[in-house]
Amino acid sequence: MGSLPPEYWGYLVKADKNPSVILEQLLSGIANYINRQIAPWDVNCLTPTKLAAFYRLVGGDCDPLFLQTPKASLSFIYQSMGCFHTLQPEKDPYLPPSVPALTIQGFVRWQTVQLLLEPDEHAAFLQNAVKRLDIINPLDGTPFPDRLPREALPSRPDPEMIQWHGGVAENLRLESHHSDLRGLPMGESALNSDVATDGSDDRPSLVAATYKPACRLSVIALGSIRQDRHGQTLGV
């Protein structure tokens, strides 16, 4: 489908920081594309390998985040952001499921948060997705237009999201510290920890990310939650 007037898209983020109907359909369509069109094709869920490949297709580099982060830590990051995900089996059937995979709803939330934190970078990813990939609207089965106007997306980072980025990142740092003390991967100690990981009750309706956006965050996020043996933060 060719370009349509900007009115087709409207403004894609609502006042409560949730995605508009069109943005939710677009992100769901992208999630479906990742599931069906990106290897490994025998895996029908949004695993780290598939997500890393998608971001490469649209001009990003999220390999350090999705391919180098311990699985338990990535799952804990998703949990802290409020992103629905499942744990998928390893290749060895005798091992417990441990591969964190976003659901479609989880991907919608994940990408909306990234868009609010760093709109220039993630707006470009979405624009490249509709331009380069055949993204189908799951509502009616028609392709999305191949042009997504920049004005349909946020023009600057959202202050509330940035504020909550700092707060939830601090919770991640505390969880990492507790994990180090107990000798567990980050995320596992949360099951037995009294450290809060969901912020306070007055947070925005769409909780802020635990770090800066997905691709740039590969160093920033991991640096903010990994501690060296002397208590110094690494990678920041």
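Helices and strands here are runs assigned by DSSP, a helix having at least four residues and a strand at least two, and they are numbered from the N terminus. With that in mind, colour the protein chain of this predicted model by secondary structure, and you should be able to pick out eight helices and two strands. Following the chain from its N terminus, you will pass the elements in the order α-α-α-α-β-β-α-α-α-α.

**The whole chain**

Before selecting anything smaller, keep two overall values in mind. Of the 236 residues in the protein chain, 49% are buried. If you consider the contacts between residues at least 6 apart in sequence, 65% of them join residues at least 24 apart.

**Helix 2**

Now select residues 48-57, which form helix 2. Is this helix enclosed or open to the outside? Seven of its ten residues are buried, so helix 2 is largely enclosed by the rest of the structure. To see them, show the side chains of Pro48, Lys50, Leu51, Ala52, Ala53, Phe54 and Tyr55, which are the buried residues of this helix. If you then display the surroundings, you will find that these buried residues pack against helix 1, helix 3, helix 4, strand 2, helix 5 and helix 6. Move on to Gly59, just after helix 2, where the backbone takes a positive phi of about 100 degrees.

**The nonpolar core**

In soluble globular proteins, nonpolar side chains tend to be buried together. To look at such a grouping here, select Ile30, Phe54, Phe66, Phe107 and Trp110, the residues with the most contacts inside the largest nonpolar core, which has 48 residues. Two or more residues of this core come from each of helix 1 (21-37), helix 2, helix 3, helix 4, helix 5 (104-117), helix 6 (119-132) and helix 7 (159-182).

**The largest pocket**

Next, turn to the largest pocket, which holds about 380 Å³ of space. Its lining is made of 16 residues, and you can locate its centre by selecting Thr47, Pro48, Thr49, Lys71 and Val99, the closest of them to that point. Helix 2 appears again here, since the elements giving two or more residues to the lining are helix 2, helix 3 (63-68), helix 4 (71-81) and strand 2 (99-102). If you colour the lining by residue class, you will see nine nonpolar, four polar and three charged residues.

**Two cysteines**

Select Cys45 and then Cys83. A residue counts as buried when its relative accessible area is under 20%, so Cys45, at 13%, is buried, and Cys83, at 4%, is buried too. How many disulfides does the whole structure contain? A search finds zero.

**From helix 6 into the loop**

For the last stop, select Asn128, which lies in helix 6. With a relative accessibility of 19%, Asn128 counts as buried, and, leaving out residues up to four places away in sequence, Asn128 touches Val58 and Leu133. Then follow the chain to Asp134, in the loop between helix 6 and helix 7. Is Asp134 buried or exposed? At 51% relative accessibility, Asp134 counts as exposed. Apart from its neighbours within four places in sequence, Asp134 is in contact with Tyr33 and Pro143. Finally, draw a distance between the C-alpha atoms of Asp134 and Gln37, which are 97 residues apart along the chain, and the viewer should show a separation of 9.7 Å.

Notes: Residues numbered from 1 in each chain as written. Predicted model: local features only at pLDDT ≥ 70, side-chain atom pairs only at ≥ 80, totals over all residues. Heavy atoms only, no water. Disulfide = S-S within 2.5 Å. Buried < 20%, exposed > 50% of the residue type's maximum accessible area, 1.4 Å probe, protein only. 1 Å grid on protein atoms, 1.4 Å probe; cavity = no way out; pocket = protein on both sides within 12 Å on 5 of 7 lines; lining within 4 Å. Points joined across faces, edges and corners; volume = space filled by probe spheres on them. Nonpolar A, V, L, I, M, F, W, Y, C, P; charged D, E, K, R; others polar. Core = buried A, V, L, I, M, F, W, Y, C linked by side-chain atoms within 4.5 Å. Contact = heavy atoms within 4.5 Å.
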